[in-house]
Amino acid sequence: MGKGKILVEFGEGRRIAKLIGCTEKTVSLALNDKRETALSERIRKIAILRGGILKSK
């Protein structure tokens, strides 16, 4: 952790969850830098590729 939050457009978290087959809660935790797992890293990478912006702490 410690990389910062990733900001995405409204509804993008839901789309990412559907895309990779996980819950919206899992996506939220990953984007808010609350989890450090392989899945969280994958979610964060996808969010950046889809236009998310990294907000440093």
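**Arg 44 and its surroundings**

I looked up what Arg 44 touches in this predicted model, and, leaving aside residues up to four places away in sequence, I noted Lys 3, Gly 4, Ile 6, Ala 30, Leu 31, Asp 33 and Leu 54. For Gly 4 I also noted a specific atom pair, since the side chain of Arg 44 reaches the backbone oxygen of that residue at 3.1 Å. Arg 44 lies in helix H3, and I entered this residue as buried because its relative accessibility is 6%, against a cut-off of under 20%.

**Helix H1 against helix H3**

I next looked up how H3, residues 38-49, is placed relative to H1, residues 12-20, and found that their axes come within 11 Å and cross at roughly 125°. That angle makes H1 oblique to H3, and I recorded the crossing as right-handed.

Which residues of the two helices meet? From H1 I listed Ile 16, Leu 19 and Ile 20, which meet Leu 39, Arg 42, Ile 43, Ile 46 and Ala 47 in H3. Sorting this contact by class, I have seven nonpolar residues, no polar ones and one charged residue.

**Glu 12**

My last entry concerns Glu 12, whose place is in helix H1. Is Glu 12 buried or exposed? I entered Glu 12 as buried, because its relative accessibility is 7%. I also looked up the pair Glu 12 and Lys 45, which are 33 residues apart along the chain, and noted a separation of 13 Å between their C-alpha atoms.

Note on methods:
Residues numbered from 1 in each chain as written. Predicted model: local features only at pLDDT ≥ 70, side-chain atom pairs only at ≥ 80, totals over all residues. Heavy atoms only, no water. Axes fitted to C-alpha atoms, helices over the stretch in contact; angles between N-to-C directions. Helix = DSSP H or I, 4+ residues; strand = E, 2+ residues; numbered from the N terminus. Parallel < 35°, antiparallel > 145°, perpendicular 65-115°, else oblique. Left-handed = near helix turned anticlockwise from the far one by under 90°. Contact = heavy atoms within 4.5 Å. Nonpolar A, V, L, I, M, F, W, Y, C, P; charged D, E, K, R; others polar. Buried < 20%, exposed > 50% of the residue type's maximum accessible area, 1.4 Å probe, protein only. Polar contact = N/O pair within 3.5 Å; in protein donor to acceptor, adjacent residues only side chain to side chain.
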